[in-house]
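User: Could you take a close look at one chain for me, and tell me how it is put together and what it touches? I'm in my first year, so please go step by step.

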Amino acid sequence: MVRQTDRQAEPQSAAAGAGGDGKIDGRHLRSQRTRLRIIEGYLELAAEMSPLIPTAAQIAERAGCSARSVFERFPDIHSLQVAAVDHAVALIVPSPPPREGDGREARIRAQVESRSRSCQTWLPLWRSLIANQGDSTELRARVACLRQGVMDRLSAMYEPELSTVPEAERRRVLIILEALTDTESWARMREYFGLSTEEARATWHQAIDRLLPPTPAAP
Amino acid sequence: MSLTEGSKPARIDGRRLRSERTKQLIIEAYLSLLRERPVVPMPTAAEIAERAGYSVRSVFERFPDLSKLRLAATDYALAQAAALAPPRHVEGDRSTRIRSQVETRAGTCERGVALWRVLLFSVAEDEQLRSRVELGRKRTIERLEVMYRPELSTLSEKERAYTLIALEAITDHESWARMREQHRLSFEAACAVWIDAIDRLLPPTPSA
């Protein structure tokens with residue numbers, strides 16, 4: 001039986017022996033592909049079963065491997081969760097920056113559309129992540145990082161307005177904008193209040209327009 | 001034990017009262033454990049019994065299973081929120097009403113965020129919990145309508161709906177929790193964020 005330490009030695013030998021032992025490279029590649037299938041299997045199941053998380057057996061079945069293969073690559077489901085979140089985040093295509101000369105209306109519209117699409121796409125996984133972060137410092141750190149990313153985006157899109165107010169007020173506005181455009185906020189509008197996509201976007205648009213300070217006149 | 005005809009009702013009432021009090025203590029024990037350890041969705045029956053000062057048997061005599069305890073605790077928390085947070089200063093001026101509503105809502109969120117998180121986690125598998133979550137949201141919206149009636153009355157039906165939804169979103173339990181936990185704001189500073197935001201979101205107050 002190949003022990004975990006033997007498998008851990010493989011990547012180094014594969015890297016060091018580029019173009020060397022083809023068998024070692026092939027094993028490494030297959031191992032990485034299996035790892036990726038496990039991560040993708042977890043993500044699919046987490047989205048389908050949200051907020052419940054899948055078992056190793058369910059993940060293995062979806063990935064087309066054994067439960068042993070899952071635990072050979074991930075010591076526990078928690079480490080798989082962390083790897084899966086990192087993988088999902090790496091797939092996120094950054095939203096385009098605000099275009100030079102775009103006015104307040106255009107920027108609000110663009111940010112609302114972008115954010116709503118993101119919320120709709122990531123809702124099941126987000127719910128799974130939030131519900132199961134527990135006391136995991138790694139998962140909590142990733143949640144905090146994702147939220148900070150949203151705030152950074154808001155800060156960039158509404159820089160003209162936010163630049164006119166003191167730092168404390170800027171921070172208050174950003175905190176509220178992030179709360180308003182939270183993924184669960186989107187879900188509530190669609191699921192609980194029964195709004196269509198257009199109505200939900202209009203709700204955000206109206207609120208953001210009221211929350212933002214006035215736009216400074218163009219120079 | 002034989003009871004005289006005249007004394008029978010008082011003894012039964014006493015037993016019932018004691019049983020209800022035990023139920024309440026068990027519920028309060030569950031809620032206090034949630035507040036202390038919000039990452040654990042369901043404390044064990046042994047933990048709840050120990051905190052309440054009763055036996056595990058006493059817990060299961062009153063609640064067939066822990067999901068029933070969770071449901072009872074939710075009903076208890078909803079009733080408590082209503083009792084501790086009646087609408088105040090409804091006839092006050094704009095800033096008084098905003099401050100009053102924010103401080104009341106902040107208190108509710110401060111007390112209830114742990115249970116709220118448990119409910120949201122469990123609502124997919126429990127239809128009865130879903131109805132409680134919806135009731136909680138409905139009451140929040142109704143409170144907003146009462147407190148901000150003057151301002152909301154100046155809006156069209158659609159704008160009014162959008163404004164209420166936005167107000168509910170920014171004063172959600174999780175919004176409060178993020179200000180306190182992630183942004184590390186004090187109770188007062190978090191209230192100030194909400195007061196500022198609500199003042200921006202509401203249309204001008206019509207003159208008297």
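Analyst: Let's start with a word you'll need: the bounds of a domain, as used here, come from an automatic or database domain assignment. Also keep in mind that this is a predicted model.

For chain A, that assignment gives domain 1 (23-82) and domain 2 (92-211). Taken over C-alpha atoms, the centres of these two domains of chain A are 31 Å apart. The domains do meet: nine residues from domain 1 of chain A and nine residues from domain 2 of chain A take part in the contact. On the domain 1 side, helix H2 (22-49) and helix H5 (77-91) of chain A each supply at least two residues. Sort that side of domain 1 by class and you get six nonpolar, three polar and no charged residues.

What is chain A built from? Its secondary structure is eleven helices and zero strands. Of the 219 residues in chain A, 27% are buried. Here's a way to see how the chain folds back on itself: among contacts between residues at least 6 apart in sequence, 63% join residues at least 24 apart.

Now zoom in on one helix, H3 (residues 56-63) of chain A, whose buried residues are A:Ile59, A:Ala60 and A:Ala63. Look down the axis of H3(A) and those buried residues fall within an arc of 100°, so they line one face of the helix. It helps to know that an α-helix has 3.6 residues a turn, so residues three or four places apart point the same way. Just after H3(A) comes A:Gly64, with a positive phi near 75°.

Next, the partner chain. In chain A, 23 residues are in contact with 21 residues of chain B. Helix H7 (137-157), helix H9 (167-180), helix H10 (183-192) and helix H11 (197-211) of chain A each put at least two residues into the side that touches chain B. H11(A) gives the most to that side, with six residues. By class, the side of chain A that touches chain B has 13 nonpolar, four polar and six charged residues.

Let's stay with H11(A). Two packed helices are described by the angle between their axes and the distance between the axes. The axes of H11(A) and helix H8 (residues 157-170) of chain B come within 9 Å and cross at roughly 75°. That crossing makes H11(A) roughly perpendicular to H8(B). Which residues meet there? From H11(A) come A:Ala202, A:Thr203, A:Gln206 and A:Ala207, and from H8(B) come B:Glu159, B:Tyr162, B:Ile165 and B:Ala166. Split by class, this contact of H11(A) with H8(B) has five nonpolar, two polar and one charged residues.

One last stop is A:Leu195, which sits in the loop between H10 and H11 of chain A. Buried or partly exposed? A:Leu195 counts as partly exposed because it has 19 C-beta neighbours inside 10 Å, and being buried takes 20 or more. Leave aside its neighbours within four places in sequence, and A:Leu195 is in contact with A:Met189, A:Arg190, A:Ala200 and A:Thr203. You've already met A:Thr203, as one of the residues of H11(A) that meet H8(B).

How values were computed:
Residues numbered from 1 in each chain as written. Chains lettered and ligands numbered in written order. Predicted model: local features only at pLDDT ≥ 70, side-chain atom pairs only at ≥ 80, totals over all residues. Buried ≥ 20, exposed ≤ 12 C-beta atoms within 10 Å, placed from the backbone. Helix = DSSP H or I, 4+ residues; strand = E, 2+ residues; numbered from the N terminus. Arc of directions from axis to C-beta. Contact = placed C-beta atoms within 7 Å. Nonpolar A, V, L, I, M, F, W, Y, C, P; charged D, E, K, R; others polar. Axes fitted to C-alpha atoms, helices over the stretch in contact; angles between N-to-C directions. Parallel < 35°, antiparallel > 145°, perpendicular 65-115°, else oblique.
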